[in-house]
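Q: I am new to this structure and would like to learn how to read it. Could we go through some features in turn?

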There are 2 protein chains.
Amino acid sequence: MSVDLANLVTSIAQRARAASHVLATAPSEQKNAALAKLADLLPASADTIFAANQRDLDAAAANGLTPAQIDRLTLTPARLEQLAESVRQVAALPDPVGAALETRTRPNGLQIEKRRVPIGVIGIIYEARPNVTIDCAILCLKSGNASILRGGKEIFHTNTALAALVAEALAAADLPADAVQLIPTTDRAALNTLLKLDELIHCIIPRGGESLIRFVAQNSTIPVIKHYTGVCFVYLDEQADATIAESVTVNAKTQRPGVCNAAEQLLVHAAAAPKLLPRVATALIAAGVELRCDAASAAILTEAGIAHTPATADDLKAEFLGLIMGVQLVDSLESAIATINRDSSGHSESIVTTDAAAAARFQAAIDSAAVFWNASTRFNDGFEFGFGAEIGISTDRLHARGPMGLPELCSYKYVVTGTGQIRE
Amino acid sequence: MSVDLANLVTSIAQRARAASHVLATAPSEQKNAALAKLADLLPASADTIFAANQRDLDAAAANGLTPAQIDRLTLTPARLEQLAESVRQVAALPDPVGAALETRTRPNGLQIEKRRVPIGVIGIIYEARPNVTIDCAILCLKSGNASILRGGKEIFHTNTALAALVAEALAAADLPADAVQLIPTTDRAALNTLLKLDELIHCIIPRGGESLIRFVAQNSTIPVIKHYTGVCFVYLDEQADATIAESVTVNAKTQRPGVCNAAEQLLVHAAAAPKLLPRVATALIAAGVELRCDAASAAILTEAGIAHTPATADDLKAEFLGLIMGVQLVDSLESAIATINRDSSGHSESIVTTDAAAAARFQAAIDSAAVFWNASTRFNDGFEFGFGAEIGISTDRLHARGPMGLPELCSYKYVVTGTGQIRE
């Protein structure tokens, strides 16, 4: 790659690092003033934004975007107002920085405070969703982190227009312009340089499809927090309430089938299946779901005259992200747990049961970010959990797992106060 | 590399993953029983251990070990008793697993518990210290994690003997033997395979010198928690108490100069330097320290007739790990902060001052894992912080920063209980 490009990216990271030191101690009021300004600028700059967005839309077909991708790329007045509203909401959230997470006094009199602080510099690597530009910039800013944004080429003009507004809002609040920077090229070589700057950038969050996340995880020497999509299971226990079994399964599968916390797989306890499965299957089919069944579940549905197709082995651990569901019987709670811990992606699983002991065992033994009892997997979400905002749902186990709100965008440090203590 | 070797390492990781599911819900009593058994086995198996250790010692010179490395490799009856005692101490610590870190009830009635759980499978990559084998095995076991240990070839026979005792202790407590596994080869290709098994291993902790840590960080697709050594600063403020300035600086520099939380660099406020620096320098020299001074500090010491050498630019940000200290004057608190945030490694820094406002500014603005006021940097340590044990001192910002005790070897999951809630 060109030396100039490497120098450009390195310079951006160096300036982000310098800005991060200012942001780390910026008062909440100053950060909120920048956010308030940005919320005003977004609708006020609609013409500029739409013109930039139109340039990206004009190139979308040539860029090979699907209709769904073009839809996500498109900014409308309503979506712009949603963006402004999300900025106002983040401004209204409590500042996570500076909280004393723990305090202790040692026998020698040392006072130790574990204090929440920003991570430092966060790189966001994403594709063609303009809301990611604003969401990530504001969540990083609110949590005192400098951010470096690298969106896809399909969204380059929109991003450039949005980044200019963020810079204007930062300047209005007397915060460093380098606090939020957009990489001004979508050259892949620039990304590769960025992912190796582990001395300057402290965390990479890729937002996008699995191939993007895998590319980033494989090529980054900076720690990456991954947000993979999910192979989520619903398990109907021997003692499941039939009404809850039906409503939770249908909701988990169909309420928004293309997202990560939608259910993909249904397990039914064999002893309860003759009673439960026909009812649940009928409701799923009524909602448009194709059922791909193992032999045991297929036999019950055949007996009941309910449509289904045979499952391949892959179907029973697949992420369909659409109106298809794998179905299989298990002969025990332990078998359900073993199946889920083997074949789920560790995202969101649910047990439906009236048996509190079975639920406790399931919730203890299932190794997933969120484990539900008598509730839809669709609740694994920062807003639904009451976090007020989220930058994504982590499928990692280190640092953050599940919905990542503002506190999860922070690290901590130990602030230790003494009276001259020395170590013996 | 050979297919057999890749299969061997993969099989170890698969069995570790299976064991991790058992460990995750193992009662505290069962884990503690294994630890108690191990504490008994260590002294009881002294002959076997010393014989294995002697094989490694016999090869040490041929392996190119330095006298200091050979010393660290050597097991003695006293060191074996220390190891057994450390096992007993970890057994006595509270079990970190299962604690409810936060609970909340949502308006729709969902009860959300953030519950501490083990990370899963942890890989420990280390060199030639037998205490790492035992320390890491017991800390992972206590925190419910399966561990895979990969020590250097210089310690292979000792490790094999120690791992056999761990296996015996696990069996005595009816825990899976695969909960702690030693990679039975020191072939570098096996390590390279291990570092790519991100589907099975959740965290890698390298324990050793900087080159080992860099190798692991560069080659792992598994998240790595790094424990680099430190370029730690002591700053003597304009309002420093001279007695504390002397004792803290001497202690931070000389109490154990070869470790990561020892001070390497001294900053002195120019206005206080004529009074403070001669006294502190004299005490440092009396303790055997060579002072490498910038021009301004050198002028004061020359005036006072105190020995010193001129510093190169590198000297003023170096990690000496010995009885050498960089010395420079700064003209303000802000200049001290900027110097430290630029040139320290973010490990441990200390301000000496009687000015509470200066201390508060320093502790807020310094971006290091531990920031001390009127206390030695040497206190940045899990035992000194009261954690009861530590697996190291993280220089990372994600997941864990500073001393890592048992809670830092854990992740969390959300346990959500409902009454049939579905998402609208």
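Q: To begin with a single residue, in which helix of chain A is the place of Ala33(A)?
A: Start by locating a residue in its secondary structure element. This is a predicted model, and in it Ala33(A) belongs to helix H2 of chain A, which covers residues 28-44.

Q: How does Ala33(A) count by its relative accessibility?
A: Read the percentage against the cut-offs: buried is under 20%, exposed is over 50%, and partly exposed is in between. Ala33(A) has 37% relative accessibility, so it counts as partly exposed.

Q: What separates the C-alpha atoms of Ala33(A) and Asp174(A)?
A: Set the distance along the chain beside the distance in space. Ala33(A) and Asp174(A) are 141 residues apart along the chain, and 9.3 Å separates their C-alpha atoms.

Q: Where is Leu75(A) found?
A: A loop is described by the elements on either side. For Leu75(A) these are helix H4 (67-73) and helix H5 (77-92) of chain A.

Q: Which residues is Leu75(A) in contact with, and what is its relative accessible area?
A: Take the area, then the contacts. The relative accessible area of Leu75(A) is 9%, under the 20% cut-off, so this residue is buried. Leaving aside neighbours within four places in sequence, its contacts are Ile49(A), Phe50(A), Asn53(A), Leu83(A), Pro130(A) and Thr158(A). By contrast, a C-alpha to C-alpha distance of 40 Å lies between Leu75(A) and His308(A), which are 233 residues apart in sequence.

Q: In which strand is Cys232(A) found, and is it buried or exposed?
A: The same two steps apply here. Cys232(A) is in strand E7 of chain A, residues 232-236. With a relative accessible area of 0%, Cys232(A) is buried.

Q: What does Cys232(A) touch?
A: Leave out residues up to four places away in sequence, then read the list. Cys232(A) touches Cys260(A), Asn261(A), Ala262(A), Ala263(A), Glu264(A) and Gln265(A), and also His347(A), Ser348(A) and Glu349(A). For one of these, Ala263(A), the C-alpha atom is 4.7 Å from that of Cys232(A), although the two are 31 residues apart along the chain.

Q: What is Phi of Asp174(B), and where is its place in chain B?
A: Look at the sign of the angle and at the residue type. Phi of Asp174(B) is near 60 degrees, which is a positive value in a residue other than glycine. Asp174(B) sits in the loop between helix H7 (156-172) and strand E5 (180-182) of chain B. Its relative accessibility is 64%, over the 50% cut-off, so it counts as exposed.

Q: What is Phi of Leu321(B), and how does this residue count by relative accessibility?
A: Read this case in the same order. Leu321(B) also has a positive value in a residue other than glycine, with Phi near 55 degrees. The loop holding Leu321(B) runs between strand E10 (309-310) and strand E11 (324-330) of chain B. At 35% relative accessibility, Leu321(B) counts as partly exposed.

Q: Where does Pro107(B) lie, and is it buried or exposed?
A: Again, take location and then area. Pro107(B) lies in the loop between strand E1 (100-105) and strand E2 (111-118) of chain B. Pro107(B) is exposed, at a relative accessible area of 79%.

Q: How many helices and strands does chain A have, and how compact is it?
A: Turn from residues to the chain. Chain A has 14 helices and 16 strands. Its radius of gyration is 24 Å, close to the 22 Å that the globule rule gives for 424 residues, so chain A is as compact as a globular protein of that length. Of those 424 residues, 59% count as buried.

Q: Which residues of chain A does UniProt list for the aldehyde dehydrogenase domain?
A: Treat a record as a record. The unreviewed UniProt entry lists residues 9-284 and 313-386 of chain A for "domain: Aldehyde dehydrogenase". The span 9-284 is 52% helix and 16% strand, with its end C-alpha atoms 50 Å apart. Residues 313-386 are 28% helix and 24% strand, and the end C-alpha atoms there are 38 Å apart.

Methods
Residues are numbered from 1 along each chain as its sequence is written. Chains are lettered from A and ligands numbered from 1 in the order in which they are written. This is a predicted model: local features need pLDDT of at least 70, side-chain atom pairs count only at pLDDT 80 or more; totals for chains, interfaces and linings use all residues. Side-chain values use heavy atoms; hydrogens and water are left out. UniProt positions are given in the numbering used here, feature names are shortened, and annotations may be inferred rather than shown by experiment. Helices (H or I, at least four residues) and strands (E, at least two) are DSSP runs, numbered from the N terminus. The radius of gyration is taken over C-alpha atoms; the globule rule is 2.2 Å times the number of residues to the power 0.38. Buried means under 20% relative accessible area, exposed over 50%, partly exposed in between (1.4 Å probe, protein chains only). Contact means heavy atoms within 4.5 Å.
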